[in-house]
Amino acid sequence: MKFINTMKITIPAKSRNEALARSCIGAFAAQADPTVEEMSDLRSAVSEAVTNSIVHGYKDGSGDIVITLKLTEENCIYIKISDKGCGIEDVEKAMEPLYSTASEGERAGLGFTVMEAFTDDLRVRSKVGKGTTVTMKKQLTGRYE
C-alpha cells in the first residue's frame, strides 16, 4: 500500500479543539473527492475519537492529542488519534454500546459504536497510565485528483 499524502497535527486536549479536528479531517479528505455522506461519516468518527480523548483520556488534567491522516492511491483514508491520557482498563468492555466511565446521565456511551458505524475498520489500543490510540480506516468512493 502506497500513501500519496499524509498529515500530522498535535492539538491540546480542549473541547474547543474538537471543531478544529473535524475541520482538519474535512480539508484533508476533500482531496479524495468523498461523497457528502462519507465526509459526514469521517467528521463524526473523528469528533467522537477526539471527544473521548478529552473527556475520558485526560479527565483529570490536560495533554495533547495527535492526529495522523494518510491517504492511499486506492482512495482509502487512515486516521490515527492518540493521547497519553489515563488509558482504558478494559477495551473490549469500553467498546460495548452504552458503556461509559462518565457519571450516570453525563454521557451516552456510544463513542466507539459511532466510530465503528462510520468507518470500515476500527482498532483501539490502550494501556492504563500510558494512553490510547484509535485507528480508523475508510474506503472512499471518490477519486484522488
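# Close-up views of a predicted model

**Figure 1. Lys70 in strand S2.** Lys70 is a residue of strand S2. The structure shown in this and the following figures is a predicted model. Because its relative accessibility is 31%, Lys70 counts as partly exposed. Along the chain, Lys70 and Asn5 are 65 residues apart, yet their C-alpha atoms are separated by 5.9 Å. With neighbours within four places in sequence left aside, the residues in contact with Lys70 are Phe3, Asn5, Thr6, Phe28, Cys76, Ile77 and Tyr78. Asn5 therefore appears both as a contact of Lys70 and as its partner in the C-alpha separation of 5.9 Å.

**Figure 2. Overview of the fold.** The protein has four helices and five strands. Along the sequence these follow the pattern β-α-α-β-β-α-α-β-β. Of the 145 residues of the protein, 44% count as buried. Among contacts between residues at least 6 apart in sequence, 66% join residues at least 24 apart. The pair Lys70 and Asn5 from Figure 1, 65 residues apart along the chain, is one to set beside this value.

**Figure 3. Helix H1 against helix H2.** Helix H1 covers residues 17–30 and helix H2 covers residues 36–57. Their axes come within 9 Å and cross at roughly 145°. The crossing of H1 and H2 is right-handed. On the H1 side, the residues that meet H2 are Glu18, Ala21, Arg22, Ile25, Gly26, Ala29 and Ala30. On the H2 side, they are Met39, Leu42, Arg43, Ser44, Val46, Ser47, Val50 and Thr51. By class, this contact is made up of eight nonpolar, four polar and three charged residues.

**Figure 4. The loop between H1 and H2.** Two residues of this loop are shown, Asp33 and Pro34. Phi of Asp33 is near 55°, a positive value in a residue other than glycine. Most residues other than glycine have a negative phi. Asp33 counts as partly exposed because its relative accessibility is 47%. Pro34, at 15% relative accessibility, counts as buried, since the cut-off for that class is under 20%. In sequence Pro34 and Leu140 are 106 residues apart; in space their C-alpha atoms are 5.8 Å apart. Apart from neighbours within four places in sequence, Pro34 is in contact with Ala29, Met39 and Leu140. Of these contacts, Ala29 in H1 and Met39 in H2 also belong to the helix contact of Figure 3.

**Figure 5. Asn75 between strands S2 and S3.** Asn75 is placed in the loop between S2 and S3. Its phi is near 65°, which is a positive value in a residue other than glycine. Asn75 is buried because its relative accessible area is 3%. Like Asn75, Asp33 is a residue other than glycine with a positive phi.

**Figure 6. The second largest pocket.** The volume of this pocket is about 220 Å³. Its lining consists of 13 residues, and those that lie nearest its centre are Ser82, Asp83, Lys84, Lys130 and Thr133. Strands S2 (64–72), S3 (76–83), S4 (121–127) and S5 (131–139) are the elements that give two or more residues to the lining. By class, the lining holds two nonpolar, five polar and six charged residues.

**Figure 7. Gly85 in the loop between S3 and H3.** Gly85 is found in the loop that joins S3 and H3. At 8% relative accessibility, Gly85 counts as buried, as the cut-off is under 20%. Gly85 and Lys127 are 42 residues apart along the chain, and their C-alpha atoms are separated by 9.3 Å. Leaving aside neighbours within four places in sequence, Gly85 is in contact with Gly57, Tyr58, Gly129, Lys130 and Gly131. One of these contacts, Lys130, is also among the residues nearest the centre of the pocket in Figure 6.

**Figure 8. Glu92 in helix H3.** Glu92 belongs to helix H3, which spans residues 91–94. Because its relative accessibility is 68%, Glu92 counts as exposed. Glu92 and Val124 are 32 residues apart in sequence, and their C-alpha atoms are 9.1 Å apart in space.

Key. Residues numbered from 1 in each chain as written. Predicted model: local features only at pLDDT ≥ 70, side-chain atom pairs only at ≥ 80, totals over all residues. Heavy atoms only, no water. 1 Å grid on protein atoms, 1.4 Å probe; cavity = no way out; pocket = protein on both sides within 12 Å on 5 of 7 lines; lining within 4 Å. Points joined across faces, edges and corners; volume = space filled by probe spheres on them. Nonpolar A, V, L, I, M, F, W, Y, C, P; charged D, E, K, R; others polar. Axes fitted to C-alpha atoms, helices over the stretch in contact; angles between N-to-C directions. Left-handed = near helix turned anticlockwise from the far one by under 90°. Contact = heavy atoms within 4.5 Å. Buried < 20%, exposed > 50% of the residue type's maximum accessible area, 1.4 Å probe, protein only.
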